[in-house]
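Trainee: Could you go through this model with me, a piece at a time? I'd like to start with how its helices pack.

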There are 2 protein chains.
Amino acid sequence: MLTILNAAKRVVVGRPVRNDRLSHTLLPKRIALPIFASDALSSVAYAPDEILLTLALAGVSAVAFSPLVGLAVMVVLLTVVASYRQNVHAYPSGGGDYEIANVNLGKYAGLTVASALLVDYVLTVAVSMSSAATYLTTAIPSLHGQQALIATIGVTILALVNLRGIKEAGTVFAVPTYIFMASILGMTAVGIFQAATGQLGEAPSAQFTIVPAPGFDEGLVGLAGAFLLLRAFSSGAAALTGVEAISNGVPNFKKPKSKNAATTLLLLGVIAASMLAGILYLANATKVHIVLDPAREFLMDGKPLPEGYIQTPAISQIADTIFGAGSIPFYIVVAATGIILVFASNTAFNGFPVLGSILAQDGYLPRQLRTRGDRLAFSNGVLALAAGALVLILAFNADVTKLIQLYIVGVFISFTASQLGMIRHWGRELKLAKDKAVRRRIIKSRTINMMGFGMTALVLVIVLITKFEQGAWIALLAMFILFLIMWSIRAHYDNVAKELAVDEDSSPRALPTRVHAVLLVSHVRKPVLRALAYARASRPSRLDAVTVDINSEETEHTVRDWEKLEIPVPLTVLASPYRETVTPIMDYIKNMRRDSPRDLIVVYIPEYVVGKWWEQLVHNQTALRIKTRLHFEPGVMVASVPWQLKSSEEAKALQDTQ
Amino acid sequence: MLTILNAAKRVVVGRPVRNDRLSHTLLPKRIALPIFASDALSSVAYAPDEILLTLALAGVSAVAFSPLVGLAVMVVLLTVVASYRQNVHAYPSGGGDYEIANVNLGKYAGLTVASALLVDYVLTVAVSMSSAATYLTTAIPSLHGQQALIATIGVTILALVNLRGIKEAGTVFAVPTYIFMASILGMTAVGIFQAATGQLGEAPSAQFTIVPAPGFDEGLVGLAGAFLLLRAFSSGAAALTGVEAISNGVPNFKKPKSKNAATTLLLLGVIAASMLAGILYLANATKVHIVLDPAREFLMDGKPLPEGYIQTPAISQIADTIFGAGSIPFYIVVAATGIILVFASNTAFNGFPVLGSILAQDGYLPRQLRTRGDRLAFSNGVLALAAGALVLILAFNADVTKLIQLYIVGVFISFTASQLGMIRHWGRELKLAKDKAVRRRIIKSRTINMMGFGMTALVLVIVLITKFEQGAWIALLAMFILFLIMWSIRAHYDNVAKELAVDEDSSPRALPTRVHAVLLVSHVRKPVLRALAYARASRPSRLDAVTVDINSEETEHTVRDWEKLEIPVPLTVLASPYRETVTPIMDYIKNMRRDSPRDLIVVYIPEYVVGKWWEQLVHNQTALRIKTRLHFEPGVMVASVPWQLKSSEEAKALQDTQ
């Protein structure tokens, strides 16, 4: 079975890549920006829509508040960017939020951030891929309704690509990301020009009036209005996800690493803010109307829309208005947006397994995940991430608006913890620093991180209040479960380490007095003779062969064969009142232990090595059961003597190519 | 995981039973009859119904042919009984049809019979339990429509009961079986008396007229009519299933075994024939009408029946007519019939695992099934049988009429093969016999078996012709697949035996020149020290410790710890360009093999023995992969040195109670 799976894996995933190929890519800023930017920039594809459709619940007049909400998001965005520039300088090792929280706030905080980040990576894939699927259906309307299927296929392909490992990732990423930036910013410029010259048209959805939700007949007023405004802001805050990516990647920058990373981060912040501002301005200027449920909330001439109306995202409505639907620039904008969303998913495929291996290194995940799997990509992490994202996509039918409700809460938990950790960090630095200029710099950094902490903590509270019921509870529950799992794994490893630590009692020189070898015999065949030869070659103090009498005829046959070979080792026949193999052997071994407890007992078991999975079913089952039972006996060692059947050769060839 | 499953198994299944408890039950005829009779007698619960409803396809007039069909079935039944009386005398070992076919006709015929019998055991359970469920709904009409669920529950309970093993089965079986015989034969007597005195009423369904199926408007005429008659006969032949049971059970009879068994068989045949005759007579006399689909085929006063009409089996309609619905005798008849059907299923639960272990003994099934499992019941066989029956019940929604189409073909394959085998057997005996009286007896027996063969072969052909399309092909396909599986298992075992047979080359005295021990080290902890002590105790010619350098920091730590202990064994650090554990170790071992191919290499692997299944996931994964790979290397032996973690103690306690 394993061999089949391994062969399949080899075909799909390709050959492993050597360790030393890893480090040769140090990135200049112009390549680093697109690599790390896709996640942060891509949110402009859905964040404006979420702001607009949340406000639309209170009717057309409320939509006019969108620039205000956008402004608030931009302020938070730039504050967070400023804060993370401090992180980059303080932790050039690229530890990221997990390391900062772990080092400065303790392991509980670290584990909380880790859980939040793991959940958020999954959501990044789910949200970005679902949004990408929406953009694809915008370009090819006949695919409408199939978003979940498209997103599923997309995640699967991305997972396979990542299992194979990506070569020369830099340039592949750079070009489309720059095209995306250029197309969005260029569209904004054209839009502003058209507006200035009075040529800017109205969006197709401008003609619709919006039916306010119950309770919002008078627009955005009262407590409900304020709450809705906060909800719109929370959804818009999705624009901030991915900002922290650069702080994880500092070691990949060209020198001076920290300075280059900080500059890139600033660039990223400015570009992201400009794009968000541009889209929100154009949406407002062209009167793009976006609602949760077009069939219920939109009216045209006082009547519901004709059936079959498909609402497209703000970016494509704007491109439609400015360039005309079906024009080449329109398709460039939509395609670039879709591609950048796929890239954003891909950053999660890079980040998730790295974080997983760091957590495994710290003992929070099984040890075998600690080292990179073959092909330099951590296959297990990629598979876990893809599985999680697929569950979410299918559970929420690739509905971006619903998935957004789960998102962000994790991002802001790690933002807040990371900023709090930075405040502690600077406090410690300040105690050590003597030089005035240094102290001034530290105090300035600390002030920025304090602002960042205040801002992100406030947003976290807003997000929790406005989104808990909407779905954030699911993300929080997932984080809690991850926290518990990782915590128990660590506790288990700690207990085992304590139990197994070498102490005074464990002298490496104390040896068992004598070695007592026992050879298990069923039929007298080549594997038994090999096991016998191996057992004798080890020159034990005493060597016994035993066979269990299940069928008296067969036992006689075995005894006769044994005698015929004139083997100078006695064959003991064990009675089996239950006609069963394992218990008589266990009783025999236990008696032996009782008689001479300081001896080492070595049980030699001949085993068949087979080539096909079903052959395993018809061989070795009894050997396996005996081995499992023997493992529970202290002072007993099991020596498996394999006999390679001819059919195993093919399987071996497969194993060796790994 | 295993420990949990084992504990659960213990709770459900109870403690194992000793070998020597098996043989103390030698049966007198009065106990043997009910034990072996339930399968054969129970078919009277559904065979008459199948005859009636098949004939009803040609309208009311055709139903009058049912006594004729019944007579034909009875002739076959008594012929088969006479034939099997010869089997019982010839094979007092109770080999059954498989042994007779195997010995006299060769292994292909034997395996064919075995496949047919295995499939038929499954069908016995499915048919009997489905019919029992129907009788339960007859007694409790509110359960109507739930037959599949009831049959599923019944099979599950029966499987559990058999997994626990049945004590004192004899008397438990005897009483209800005698009650069943008494109630059916008693009802027949009362019915005949009522008919003689003119008091016999009409069945509730007597008033219905039957709409003939298309093409049968003129009743049972022409080729189609003849074919329908044969189909009715084929279905009625279900009454013969279970007749062979006694021939498998000869060793369980009191002495003189063969004579007692033959007498019991004759008794069984006479009783079964009388009951079948009685039911068919009464069904005719009370004008019981049974059809496939009451809603479509029945008319009352020229109109379809009102909705909700529930057709009950012939036996309950007769009991209703003679004793009155709801009377105590009515309930006794229905309940006794239902119970006998459950007993019939149970005989399959006894027979199937026995046949399975005989087949495993002959190498047609995996070896580990060869010996009886614990609790003297062969757990694996019981589980396989229950699973097969459940699949059939659910696939056919516990519809007895549909299941009957699959039945019988297997029975008659084994009847026919067995009779042919007996003819061969007597032929051989005749050659050896000199004494005239003996020769006369042999010729007489052979004549009877010849008649049996002719009869059963004819029925087999009829069954194949009339039922192939109706569902017998499914049973044949299943037999064919079983045949292929068992054949390949045997071929595999034969090949392995040939490959592994001790020949001139395999001298038991040739020993490897030197023993080269390799100890795998990850961290320097107690398990490694134990493995080291064991390795040194075995005094190898050379002992090396190796560790793989995945993380340089950890490796340094390990090397330091090793040096600190001043262990007189060098620790080799293996480089790992792929940051992976298995390949460097394999390369190291392969190099070693190349340098000194005649040495034995013993790889010592410290292993953690854990208590909980999830602990297994976070430990030993790498050890497992290394072991698997090492098994493909000839000249390499793997020595597992277990270290029992504290958590393993509970699991050990569980293992030890097994």
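Trainee: How are helix 6 and helix 18 of chain B oriented to each other?

Mentor: Helix 6 (residues 96-105) and helix 18 (residues 409-432) of chain B have axes that come within 8 Å and cross at roughly 50°, and the two helices are therefore oblique to each other. Angles under 35 degrees count as roughly parallel, over 145 as roughly antiparallel, 65 to 115 as roughly perpendicular and the rest as oblique. The axes are lines fitted to C-alpha atoms, for helices over the stretch in contact, with angles from 0 to 180 degrees between N-to-C directions. Helices (H or I, at least four residues) and strands (E, at least two) are DSSP runs numbered from the N terminus. Keep in mind that this is a predicted model, in which local features need pLDDT of at least 70 and side-chain atom pairs count only at pLDDT 80 or more, while totals for chains, interfaces and linings use all residues. Residues are numbered from 1 along each chain as its sequence is written, and chains are lettered from A and ligands numbered from 1 in the order in which they are written.

Trainee: Which residues of helix 6 of chain B meet helix 18 of chain B?

Mentor: From helix 6 of chain B they are B:D97, B:I100, B:A101, B:N104 and B:L105, and their partners in helix 18 of chain B include B:A417, B:G421 and B:H425; contact here requires C-beta atoms, placed from the backbone, within 7 Å.

Trainee: Switching to helix 3 of chain B, how many of its residues are buried?

Mentor: In helix 3 of chain B, residues 47-55, 9 of 9 residues are buried. A residue is buried if 20 or more other C-beta atoms lie within 10 Å of its own, exposed if 12 or fewer, and partly exposed in between, with C-beta atoms placed from the backbone. Among the elements covering helix 3 of chain B are helix 5 (66-90), helix 12 (257-285) and helix 17 (400-406) of chain B.

Trainee: And strand 4 of chain B, which sides are covered?

Mentor: Both faces are, since B:V515, B:A517 and B:L519 on one side and B:H516, B:V518 and B:L520 on the other are all buried. In a regular strand the side chains alternate between the two faces of the sheet.

Trainee: What does strand 4 of chain B pair with?

Mentor: Strand 4 of chain B is joined by 5 bridges to strand 7 (residues 600-609) of chain B, running parallel, and by 5 bridges to strand 5 (residues 542-549) of chain B, also parallel; pairing needs at least two DSSP bridges. B:V515 has B:L600 as its bridge partner in strand 7 of chain B, and B:H516 has B:R542 in strand 5 of chain B.

Trainee: Any backbone oddities worth a look?

Mentor: Most residues other than glycine have a negative phi, and most peptide bonds are trans. The peptide bond from A:K255 to A:P256 is cis, with omega near -5°, and a cis bond also joins B:K255 and B:P256, with omega about -5°. B:K287 has a positive phi near 60°, and B:E566 has one of about 50°.

Trainee: Is B:E566 buried or exposed?

Mentor: B:E566 counts as exposed because it has 8 C-beta neighbours inside 10 Å, and its place is in the loop between helix 21 (552-564) and strand 6 (571-575) of chain B. B:K287, with 19 other C-beta atoms within 10 Å, is partly exposed.

Methods
Contact = placed C-beta atoms within 7 Å.
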